[in-house]
Amino acid sequence: MFFTDRLSLLLAKERSHSQTYLGCLKKGPVFTDPKIKWYEPLADLLGKEYFAYARGPIYALSADVVTLLVTRKNNSFRMFSNEDVTIGAWMLAMNVSHENHGTLCEPECSPYSIAVWDIPKCTGLCNPEERLLELHKLQSCSKSPTLPSDHE
């Protein structure tokens with residue numbers, strides 16, 4: 001579940017660095033067991049622990065970062081098994097500014113949530129049709145302090 005008004009405010013914020021990677025940043029052990037969902041066959045290239053990368057349902061790249069990515073040759077960056085780890089590796093190699101925002105991966109709604117997901121059970125919302133209905137019944141999910149009062 002995403003709160004687009006809150007997300008737009010975060011993205012519109014002025015930053016001192018034009019090349020920015022925003023997300024719910026995580027570090028942790030590299031998964032080397034093929035039975036695990038996030039198994040990484042190229043684990044020997046990564047070492048025992050991942051570098052900081054944005055996990056969860058959403059992350060953002062500044063326009064300058066996206067421009068740099070599209071101008072690179074397709075084979076100039078290594079691909080890993082997991083997209084979020086791949087992007088994290090690219091951002092590390094490109095020396096962009098990293099911004100950690102826990103509001104992008106909260107397990108429950110709050111007045112400041114931007115994205116909610118059922119961590120660690122699911123990679124988004126478990127049973128999204130049911131969960132979305134549940135979440136929209138909660139005042140902290142259905143009322144946003146960033147919207148004008150006529151939208152509430």
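Asn95 counts as exposed in this predicted model, because its relative accessibility is 61% and the cut-off for exposed is over 50%. The residue sits in the loop that joins α4 to β3, the latter spanning 97–100. Its backbone carries a positive phi, near 60 degrees, in a residue that is not glycine. Asn127 is another non-glycine residue with a positive phi, here about 45 degrees. Asn127 belongs to the loop between β3 and α5, where α5 covers 128–137.

**Overall architecture**

The protein chain contains six helices and three strands. From one end of the sequence to the other, these elements follow the order α-β-α-β-α-α-β-α-α. Along the principal axes, the C-alpha atoms fill a box of roughly 50 × 40 × 20 Å. The chain has 152 residues, of which 39% are buried.

Contacts between distant parts of the sequence are well represented: among contacts with a separation of 6 or more, 67% involve residues 24 or more positions apart. The accessible surface amounts to about 9,400 Å², and carbon and sulfur atoms account for 55% of that area. The protein chain has 16 positive and 18 negative charges, and the mean positions of the two sets are 6 Å apart.

**The nonpolar cores**

Which residues touch the most other members of the largest nonpolar core? Within this core of 20 residues, they are Tyr21, Leu46, Leu69, Val85, Met91 and Met94. Two or more residues of the core come from each of β1 (20–29), α2 (43–46), β2 (49–61), α3 (63–71) and α4 (83–94). Helix α4 contributes the most, with six residues.

Besides this core there is a second, separate one of eight residues, including Leu10, Ile58, Ile114 and Ala115.

Leu46, one of the residues named for the largest core, offers a view of its surroundings. Leaving aside residues up to four places away in sequence, Leu46 touches Val30, Glu40, Phe51, Phe80 and Val85. Val85 also appears among the residues of the largest core that touch the most other members.

**Aromatic pairs**

A pair of aromatic rings is described by the distance of the centres and the angle of the planes. The protein chain has five aromatic pairs. One of them joins Phe31 and Trp38, whose ring centres are 6.5 Å apart and whose planes meet at 40 degrees, a tilted arrangement. Phe31 is partly exposed, because its relative accessibility is 22%. Trp38 is likewise partly exposed, at 35% relative accessibility.

The rings of Tyr50 and Tyr53 have centres 5.4 Å apart and planes at 70 degrees, so this pair is edge-to-face. Tyr50 counts as buried because its relative accessibility is 3%, and Tyr53 counts as buried at 6%. Ring pairs also bring in Phe51, so that Tyr50, Phe51 and Tyr53 form a cluster. Phe51 is also one of the residues touched by Leu46.

**Three leucines in helices**

Is Leu9 buried or exposed? Leu9 is exposed, because its relative accessible area is 51% and the cut-off is over 50%. Leu9 lies in helix α1, which covers residues 4–12. Its C-alpha atom is 27 Å from that of Phe51, a residue 42 positions away in sequence.

Two further leucines are in helix α5: Leu133 and Leu135. Leu133 is exposed, with a relative accessible area of 60%, whereas Leu135 is buried, with a value of 0%. The table gives C-alpha separations for the three leucines.

| Residue pair | Separation in sequence | C-alpha to C-alpha distance |
|---|---|---|
| Leu9 and Phe51 | 42 residues | 27 Å |
| Leu133 and Ala60 | 73 residues | 26 Å |
| Leu135 and Thr32 | 103 residues | 35 Å |

Definitions and conventions. Residues numbered from 1 in each chain as written. Predicted model: local features only at pLDDT ≥ 70, side-chain atom pairs only at ≥ 80, totals over all residues. Heavy atoms only, no water. Helix = DSSP H or I, 4+ residues; strand = E, 2+ residues; numbered from the N terminus. Buried < 20%, exposed > 50% of the residue type's maximum accessible area, 1.4 Å probe, protein only. Contact = heavy atoms within 4.5 Å. Areas by Shrake-Rupley, 256 points an atom, 1.4 Å probe, with all protein chains shown as cover. Lys, Arg positive; Asp, Glu negative; His and termini not counted. Charge placed at Lys NZ, Arg CZ, Asp CG, Glu CD. Core = buried A, V, L, I, M, F, W, Y, C linked by side-chain atoms within 4.5 Å. Phe/Tyr/Trp six-rings, centres within 6.5 Å; stacked < 30°, edge-to-face > 60°.
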